[in-house]
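Thanks for coming. I will go through some sheets and helix packings in this one, and then stop.

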There are 2 protein chains.
Amino acid sequence: MATSTASSPNSLLFHQSSSRKSSSLAIPSSLRLSKPSSLSLRRISCTAVTAPLSVSSSNASTGRVFNFAAGPAILPESVILEAQAELFNYQGSGMSIMEMSHRSKEFDYVIKKAESDLRSLLSISDDYSVLFLQGGATTQFAAVPLNLCASPDSTADFIVTGSWGDKAFKEAQKYCKPNLIWSGKAEKYTKIPSFDSLQQSPDARYLHICANETIHGVEFKDYPTPANKDTILVADMSSNFCSKPVDVSRFGVIYAGAQKNVGPSGVTIVIVRKDLIGNAQPITPVMLDYKTHADTLSLYNTPPCFAIYICGLVFADLLKKGGLAEVEKNNAKKAGLLYDTIDASGGYYVCPVEKSVRSLMNVPFTLRQSELEKTFIAEASKEGMVQLKGHRSVGGMRASIYNAMPLAGLEKLVAFMKDFQARNP
Amino acid sequence: MATSTASSPNSLLFHQSSSRKSSSLAIPSSLRLSKPSSLSLRRISCTAVTAPLSVSSSNASTGRVFNFAAGPAILPESVILEAQAELFNYQGSGMSIMEMSHRSKEFDYVIKKAESDLRSLLSISDDYSVLFLQGGATTQFAAVPLNLCASPDSTADFIVTGSWGDKAFKEAQKYCKPNLIWSGKAEKYTKIPSFDSLQQSPDARYLHICANETIHGVEFKDYPTPANKDTILVADMSSNFCSKPVDVSRFGVIYAGAQKNVGPSGVTIVIVRKDLIGNAQPITPVMLDYKTHADTLSLYNTPPCFAIYICGLVFADLLKKGGLAEVEKNNAKKAGLLYDTIDASGGYYVCPVEKSVRSLMNVPFTLRQSELEKTFIAEASKEGMVQLKGHRSVGGMRASIYNAMPLAGLEKLVAFMKDFQARNP
């Protein structure tokens, strides 16, 4: 019954000028069509997809690499396999989840289950709305002041610990009067300030932080308390969202692009205290007004259904793994392996970030012999550890080790690092 | 080698309270696991996906339905199968397209190929930028005036032929002084005005139309010419984008949510004349400024990669099918079948839209005996023709028959309609 043929080499012809690896990694030869000549260019001939029996942490049998990309980033293999299995016919509905009306009862279940599981993961109370939006954190850089500041004369405080916080600060200048109360720029964004030393504005409408700076690898381990009880704490949590437990009740707004820990790109999650909704500036685009989406349960217009669906699968997977306390333990173990290797290298590898605020998600590091970095990245890639190049603004290497990166990925990376050091002293 | 087991009924347990059909439609019994008891709740047990050998227009053997949803909507089966085949390991890259950095060479190829194919399909000249954005057409309702109108005192003309045009008009009031130069509301949005009769504003910065009203089924068959040579023609083409050839050079801006004819929800395509870029109002959020995206080839921040990838597959598929002239022929044939059946029913079925402007994409109709409409929809659904319920604001039925709806779907629908009429005279 399991009539199986698979992607013919022909389906790759339109890519033939690229340097991509051969598809033979992915497709067992027994699944290849014997008569590719009957297929036209780009005609998909695959009628069956075979995935490995094991969906655990090893990549040896699957042709999968260890993907250290900063985002879009690695997802749990079990989630991808589940999505793949039902992509053609979602749970007997006769259609793909991609084809399904956002007002169908099937999708209604998907989005509500996703929200419910996220609420469980982060213990989000009914005082908060959970919104599934579009446009990335960058859209929230505008949406936050537009929603929280009654007028362009309102004040907001910004602690800037990296590039993303800086972008949020600059965008806010269009809609309020943001104060830069601390910046790590002079020290190349390697620190988080002591909260006691901050000079907060007495009338700040909100205090903004970026909880984890993806590029610089600096992560808040605790959160500042606004000096004024009416000041709202706001955090961009894009790159450490759902990587550990967070006391949501300390925040007025948490926002996160999904494409690091919880899904593909194309959906942005906003958790906003309900009493803050409904006071947007008159110039706020309807799609940036939290009220629009809170009133309609994120269905004012067509949401990014597929991306929300994948997030839902990830949330369920995180719950199954024991929730965020367990997830944090794993993340600490993984990051510990890498930081320990760097610190034990006698200065061969260097992470510039102050130890107490090193990110569990994004680990930037350089080689003392910087001329070897290109070789390091190329050799690692050959070994199936990809996307290790540092952000263009920083250079060096960066290992993004989100929730879905298995311990085996870190073990392989640190073994490679030690070997590389031994070979290139 | 083709080790095949499939979604166990267990994987549906978390849905057991819904009224969804059994998964037995989709999964041959020979592929079911014999020991579902060993699986935990929601644990995905599928390690192989079997899809039908034939990916043509029939749904009998696949468990697929004919999906008449207005959007998200039916996609070409071959596209879904191609996406499914490579979802776990994209063309030997060792990762899913969902996990791939938007700055990787693989994704760079995907987005450039998508743009290039779209340019071929619509003969888009180099005078235009093609942008892949987020937020749906609704975000463009704000972005268009923010980008085109130098100041809030600028004027723009709106021809409103349905709900979506009306929403665009209302949103524009925040950013310019829009004039409603024609509205079909009094006639329940069943008409398009004669262009000669329009009283255009001499100083209008732009003239806005919605080329196809998804809810009301009214479609422009030609386009008005702005009275003033400096006035820019702008069209929301969400629901008839790529359904027929369009002379792009007549427009300053064309925008379209993808989730009707060209992809899943979550990506919005904007085609904008380059000389119109770079003059956004100072209050424009950076993500709504066309310059942001034109300067970075839609990679200012993380784009909705997966949705863009699917659009690319659809564009390639449309080219393979002979381009938009062929596509339009098919669409005309399909719509003709349905409208002819309605018109030949002796008033049993009624389409309220003026014949000359009936949409080839969305066909609203009612039953003379409106009390039978619920039965009609339920019986059609039983027969595998789903999502035929009209929009809540209009009632009755609506058949959305986008590019990907096969002729067989229309044949089945009209046969059912004739039978229904015979059985319920």
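I start with a pair of strands in chain A. E12(A) is joined to strand E13, residues 362–367 of chain A, by two bridges, and the two run antiparallel. Looking into E13(A), you find A:Thr366 as the bridge partner of A:Val350. I should say now that this is a predicted model.

That pair belongs to an open sheet of three strands in chain A, ordered E12-E13-E15, with antiparallel pairing. Strand E12, 349–350, and strand E15, 397–400, of chain A are at the edges with a single partner strand each, so one side of each has no neighbour in the sheet. As background, strands of a sheet pair through backbone hydrogen bonds, either parallel or antiparallel.

What lies across E12, E13 and E15 of chain A? Helix H7, residues 324–343 of chain A, does, and it runs at about 20° to E13(A).

Next, the other sheet in chain A. This open sheet has seven strands in the order E3-E11-E10-E9-E6-E4-E5, and its pairing is mixed. Its edge strands are E3, 128–133, and E5, 177–183, of chain A, each pairing on one side only. Ignoring direction, neighbouring strands of this sheet are turned by 15° against each other on average.

One pairing from that sheet: strand E6, residues 204–210 of chain A, and strand E9, residues 232–236 of chain A, run parallel and are joined by five bridges. For A:Ile209, the bridge partner in E9(A) is A:Ala235.

Helix H3 of chain A, residues 136–148, lies across E3, E6, E9, strand E10 (253–257) and strand E11 (268–273) of chain A. The direction of H3(A) is at about 160° to E10(A).

H3(A) also packs on a helix. Its partner is helix H4, residues 163–172 of chain A, at an angle of about 45° and with the axes 9 Å apart. Because of that angle, H3(A) counts as oblique to H4(A). The crossing of these two, H3(A) and H4(A), is right-handed. On the H3(A) side the residues are A:Thr138, A:Phe141, A:Ala142 and A:Pro145, and they meet A:Trp164, A:Lys167, A:Ala168, A:Glu171 and A:Ala172 in H4(A). Sorted by class, the contact of H3(A) with H4(A) has six nonpolar, one polar and two charged residues.

Now chain B. Helix H3, residues 136–148, and helix H4, residues 163–172, of chain B pack at about 45°, with their axes 9 Å apart. H3(B) is therefore oblique to H4(B). H3(B) and H4(B) make a right-handed crossing.

Last helix pair, back in chain A. At what angle do helix H8 (residues 373–382) and helix H9 (residues 407–423) of chain A pack? The angle is about 130°, and the axes of H8 and H9 of chain A are 11 Å apart. So H8(A) is oblique to H9(A). H8(A) passes H9(A) in a right-handed crossing. H8(A) contributes A:Thr375, A:Phe376, A:Glu379 and A:Ala380 to the contact, while H9(A) contributes A:Phe416, A:Met417, A:Phe420 and A:Arg423. By class, the contact of H8(A) with H9(A) has five nonpolar, one polar and two charged residues.

One item from the records. An unreviewed UniProt entry annotates residues 65–413 of chain A as "domain: Aminotransferase class V". In the model, the end C-alpha atoms of residues 65–413 of chain A lie 12 Å apart, and the span is 31% helix and 18% strand.

That is what I have.

Technical notes
Residues are numbered from 1 along each chain as its sequence is written. Chains are lettered from A and ligands numbered from 1 in the order in which they are written. This is a predicted model: local features need pLDDT of at least 70, side-chain atom pairs count only at pLDDT 80 or more; totals for chains, interfaces and linings use all residues. Side-chain values use heavy atoms; hydrogens and water are left out. Axes are lines fitted to C-alpha atoms, for helices over the stretch in contact, and angles run from 0 to 180 degrees between N-to-C directions. Helices (H or I, at least four residues) and strands (E, at least two) are DSSP runs, numbered from the N terminus. Angles under 35 degrees count as roughly parallel, over 145 as roughly antiparallel, 65 to 115 as roughly perpendicular and the rest as oblique. A crossing is left-handed if the near helix is turned anticlockwise from the far one by less than a right angle, and right-handed if clockwise. Contact means heavy atoms within 4.5 Å. Ala, Val, Leu, Ile, Met, Phe, Trp, Tyr, Cys and Pro count as nonpolar, Asp, Glu, Lys and Arg as charged, and the others, Gly among them, as polar. Two strands pair if DSSP finds at least two bridges between them. UniProt positions are given in the numbering used here, feature names are shortened, and annotations may be inferred rather than shown by experiment.
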